[in-house]
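Reader: I am new to reading structures. Could you take me through this one and explain the words as we go?
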Amino acid sequence: MELRKSAIGKKLPWALNESMDAHNNMEKVVNTPENREASACPLLSIVVIGRNEGARLHRCLQSISSIDYLSPKPELIYVDSGSTDGSPEVARSFGAQVIVLNAARPTAALGRNAGWPLAKGKFILFLDGDTMLHADFPRRAMETISLDPAIAAVWGNLKEIHPEASIYNRILDLDWIYPPGETEFCGGNVLMRKQAIEACGGYDAGLIAGEEPELCRRMRAAGYRIIHIDAPMAGHDLGMKHFSQYWKRSVRSGHAYAEVSRRFRETDDPFWQAEHKRSLIRGIFWTASICLAMILTAAARSVTPLLLWIVLLLLASLRSAWNARWKSSRMSLLILYGMHSQLQQIPICLGELQYAYHQYVGKHRPLIEYKNVPE
């Protein structure tokens, strides 16, 4: 995929793929004067969730105030999950309606559920407090969602603001890249139709991860569609500097795979079943293989078994890098991404097993938080 730069107060890289025929056809429809005029009518409500985001929240709210939108000024709602850094006061200074949650498990789903029922608009843009909204995305997303009442959600391209800050940011930046078109799920930053959210009962507040894909699965079962447009949506500040953060994030993903897939395994659309099983098998394989290689290396007093394991890892990583070559033209980055794709299966598998354990003992797992509180 070819990369180019756009701006949100500063230059950011955006992954675009506007050569695709399907996207071009959609662009010809949504950018007509008639649709642009129609998109100026509905009130847009923006729900931001956050917890101790510090300067990132200020940057997020500042980007919202600078959007290119044709309808009256959007409604702004901020839901805070027990911040201790003055985030509610920052949100009020931007004119937001502020809701402060007092919950033992302040999940993202709980925060969004506290915000969207209060929205006056028919369309709700959900944002995380660590993002910077692209000025043009609300208009483009509204144009798309207005095409068909069956479209429940529209999302765009998310990119890291500081991919150069750490190897983790650089690698995980590629995780945000998806091809445009109709998708099975969306992320947390998305424009949704309020009627569709109401019809499906909102987010599942009991989930500590994977709440957006789970809601999208129920939306699709109700006949709604999820659309990913090839347009810059927001810059994201992952702020990942330590391996422990990377590990916890992957464990969290494993928990999401296990819990969400369990809910739909007996249905006609066993959502995430394949991903859950594949991650479990791969995680067990890489864990067992490295342990075996180390045991054989020690027993034989030779590095040959360990070298063979490294060769196997490199071959598997090169295969993953080749499959992801549409995401970047940088071979070195793709190889790192390929290694990430393989080795992250170990903590993902751990997250899946931990979920199974908590189910067995009948306990709810606490939040899996991998972000550091900003200074």
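Author: Start with a strand pair. β8 and β11 run parallel, and eight bridges join them. One of the bridge partners is I226 in β11, which pairs with A153. Keep in mind that this is a predicted model.

Reader: What makes β8 and β10 a pair?

Author: A pair needs at least two bridges. β8 and β10 have two bridges, in the antiparallel sense. So they count as paired. Here V154 has L191 of β10 as its bridge partner.

Reader: Why is β8 called largely enclosed?

Author: Buried means under 20% relative accessible area. Ten of the ten residues of β8, residues 151-160, are buried, so the rest of the structure largely encloses the strand.

Reader: Why is helix α9 described as largely enclosed?

Author: Count its buried residues. Eight of the eleven residues in α9, residues 211-221, are buried, so the rest of the structure largely encloses this helix too. Among the buried ones are E211, P213, L215, C216 and M219. They pack against α5, β8, β10, α8, β11 and α10. Just after α9, G223 has a positive phi of about 100°.

Reader: How do you know that C186 and C216 form no disulfide?

Author: Compare the distance with the cut-off. A disulfide needs two cysteine sulfur atoms within 2.5 Å. The sulfur of C216 is the closest cysteine sulfur to that of C186, yet the two are 3.4 Å apart, so they are too far apart for a bond. The whole structure has zero disulfides. C200 is in none either, as its nearest cysteine sulfur, in C216, is 9.4 Å away.

Reader: Why are C186 and C200 called buried?

Author: Use the 20% limit again. C186 has 2% relative accessibility, so it counts as buried. C200 has a relative accessible area of 13%, so it is buried as well.

Reader: What makes the span of α11 close to the expected one?

Author: Set one value beside the other. α11 covers residues 273-300, which is 28 residues. From first C-alpha to last it reaches 40 Å, and 40 Å is expected at 1.5 Å a residue.

Reader: Which residues of α11 are buried, and what covers them?

Author: The buried residues of α11 are Q273, H276, S279, G283, W286, S289, I290, A293 and T297. Their cover includes α10, α12, α13 and α14. Many helix patterns follow from one rule: an α-helix has 3.6 residues a turn, so residues three or four places apart point the same way. Just after α11, R301 takes a positive phi of about 50°.

Reader: How much of the whole chain is buried?

Author: Of its 375 residues, 51% count as buried. The chain has 14 helices and eleven strands. Its accessible surface is about 17500 Å², and carbon and sulfur atoms hold 57% of that.

Reader: How do you know which parts of the model to read with care?

Author: Look at pLDDT, the predictor's confidence on a scale from 0 to 100. The chain averages 88, and 87% of the residues score at least 70. Residues 1-31 stay under 50. Over residues 33-39 the pLDDT is below 50 as well. Where pLDDT is low, the predicted coordinates should not be read in detail.

Reader: Which elements have the lowest and the highest mean pLDDT?

Author: Strand β1, residues 3-7, has the lowest mean, 33. β10 has the highest, 98.

Note on methods
Residues are numbered from 1 along each chain as its sequence is written. This is a predicted model: local features need pLDDT of at least 70, side-chain atom pairs count only at pLDDT 80 or more; totals for chains, interfaces and linings use all residues. Side-chain values use heavy atoms; hydrogens and water are left out. Helices (H or I, at least four residues) and strands (E, at least two) are DSSP runs, numbered from the N terminus. The expected span of a helix is 1.5 Å times one less than its number of residues. Buried means under 20% relative accessible area, exposed over 50%, partly exposed in between (1.4 Å probe, protein chains only). Contact means heavy atoms within 4.5 Å. Accessible areas come from the Shrake-Rupley method with a 1.4 Å probe; for residues, only the protein chains shown count as cover.
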